[in-house]
Amino acid sequence: MNQVTKGQWNGYDTYILNSGRLEVTLLPRLGNNVIGIKDTEEQREILRKPDESELAFYLQKPYHFGIPMLIPPGRISKGQFEYGGTSYQFDQNTANDNHIHGLHRSQAWCVSDIEEDEDGCAISTEFLSADDPKWIAQFPVPLKLEMTFRLQGTRLSQSLRVTNLGSSPVPFGMGYHTWFLLDGEPHRWTLDVPVEGIYTLNNELIPTGEFSPLGHLDLLNSGLNLKDTDLDTILKIPEGKPAEARLQRDDGYEILYTADRSYFKHWVLYTKGIADQFLCIEPYTWLPNAPNLNLSDEETGLIRLEPGQSVNLDTKISIQKSPLNSERE
């Protein structure tokens, strides 16, 4: 199968990668968001996909669907920080005049390449931050963003390449707010993810730089059933452990989400209230409010990009059917 075809969503072009088992729908002109992954064998939508009637809501909060990019992720106190002698002021778009979820929303990306071969299919896209006046006003150093989506069988790989086109170093952080469906059956799903602590938040939901024990969430290290869970939690990945989250249904149907541990240092888990339809599994490179915390870049995950420097940030989602109680690969 391994082909890329074009479709439409509310008059915007979509690109559909098809491996014969998965159909991945990309919406480049509205944020370069993967708005859908369908398992054609199971006839199951894997992600929260926006309906065409939800265009207005999507434009207002595009990070509520699919695999949206957060650049940078999470909250920043008062939207303000200084770095390398440059002052940054992001939109104050939450209660208490803080900022949340970054500058990347519904910008139009350009498709630069499409590939189809025996092993899979791929689409590459790119965006220049200087083309967005709102972005460059808040983050005045220009960036080039390039993304490659590659589908091989039951595995989707995303590779984001970020290049500093400016003349001064910049702080960079990103994450994905990935909306996995639980089909209204959270009791059937178990999440297994190596973590060692919870980042403490203040009363404005901003990290303090400290972290607390896992408590009952220690079950994440062996398998936490999602029944009655209520999560909006930033978790630390232990040194020497992979950035790997395994979401498994009671019949062995499994979603494995992995990220490059060199850069992705934190997970955020979010159920939008008591778990029912959704579990957001969110890999973050930086800890929210990173530039304002009295912590090292190694701890927060803040990436310092020198002029002309690039960084590649890789993640993968794969679907499989495994024997129950299988050991971690």
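This report walks through the salt bridges, the cysteines, one open sheet and the largest pocket of a predicted model.

**Salt bridges**

Let's start with the charged pairs. Side chains of opposite charge can pair when their charged atoms come close. In this model there are 18 salt bridges, and three of them are worth a stroll. Here they are side by side.

| Acidic residue | Basic residue | N to O distance |
|---|---|---|
| Asp-183 | Arg-44 | 2.8 Å |
| Glu-299 | Lys-236 | 3.5 Å |
| Asp-251 | Arg-249 | 2.9 Å |

Take the pair of Asp-183 and Arg-44, whose side chains meet at 2.8 Å, N to O. Asp-183 sits in the loop that runs between strand 17 (178-181) and strand 18 (189-192), while Arg-44 belongs to strand 5 (residues 44-45), so this salt bridge ties together parts that are 139 residues apart in sequence. How exposed are the two ends? Asp-183 is partly exposed, at 33% relative accessibility, whereas Arg-44 is buried, at 7%.

Next up is Glu-299 with Lys-236, a salt bridge whose closest N and O atoms are 3.5 Å apart. This one also links distant parts of the chain: Glu-299 is in helix 3 (residues 297-300) and Lys-236 is in strand 22 (residues 230-236), 63 residues apart. Glu-299 is partly exposed, with a relative accessible area of 23%. Lys-236, on the other hand, is buried, with a value of 14%.

The last of the trio joins the side chains of Asp-251 and Arg-249, at 2.9 Å from N to O. Asp-251 counts as partly exposed, at 32% relative accessibility, and Arg-249 as buried, at 8%. Which residues share in the network around this pair? Through salt bridges with common partners, Glu-42, Glu-185, Arg-188, Arg-249, Asp-250 and Asp-251 are joined into one network.

**Cysteines**

Now for the sulfurs. A disulfide is a covalent bond between the sulfur atoms of two cysteines. How many disulfides does the structure hold? The count is zero. As for the cysteines themselves, Cys-110 is partly exposed, at 43% relative accessibility, while Cys-280 is buried, with a relative accessible area of 0%.

**An open sheet**

Five strands make up an open sheet, in the order 1-2-3-4-5 and with antiparallel pairing. Which strands stand at the edges? Those are strand 1 (3-9) and strand 5; each has a single partner strand, so one side of each is left without a neighbour in the sheet. Strand 5 has come up before, as the home of Arg-44 and its salt bridge to Asp-183.

Further in, strand 3 (residues 22-27) and strand 4 (residues 33-39) run antiparallel and are joined by six bridges. One detail to look up in the model: Leu-27 has Asn-33 in strand 4 as its bridge partner.

**The largest pocket**

Finally, the pocket. The largest one has a volume of about 380 Å³. Its lining comprises 19 residues, and those nearest its centre are Arg-75, Ile-100, His-101, His-177 and Asp-232. Which elements give two or more residues to the lining? Strand 22, strand 25 (266-274) and strand 26 (278-284) do. Strand 22 is also where Lys-236 sits, the partner of Glu-299.

By class, the lining of this pocket has 11 nonpolar residues, alongside four polar and four charged ones.

Notes: Residues are numbered from 1 along each chain as its sequence is written. This is a predicted model: local features need pLDDT of at least 70, side-chain atom pairs count only at pLDDT 80 or more; totals for chains, interfaces and linings use all residues. Side-chain values use heavy atoms; hydrogens and water are left out. A salt bridge is a side-chain nitrogen of Lys or Arg within 4 Å of a carboxyl oxygen of Asp or Glu. Helices (H or I, at least four residues) and strands (E, at least two) are DSSP runs, numbered from the N terminus. Buried means under 20% relative accessible area, exposed over 50%, partly exposed in between (1.4 Å probe, protein chains only). A disulfide is a pair of cysteine sulfur atoms within 2.5 Å. Two strands pair if DSSP finds at least two bridges between them. On a 1 Å grid over the protein atoms alone, a cavity is a set of points where a 1.4 Å probe fits but cannot get out, and a pocket is an open set with protein on both sides within 12 Å along at least five of seven lines; lining residues have an atom within 4 Å of a point. Grid points are joined across faces, edges and corners, and a volume is the space filled by probe spheres set on the points. Ala, Val, Leu, Ile, Met, Phe, Trp, Tyr, Cys and Pro count as nonpolar, Asp, Glu, Lys and Arg as charged, and the others, Gly among them, as polar.
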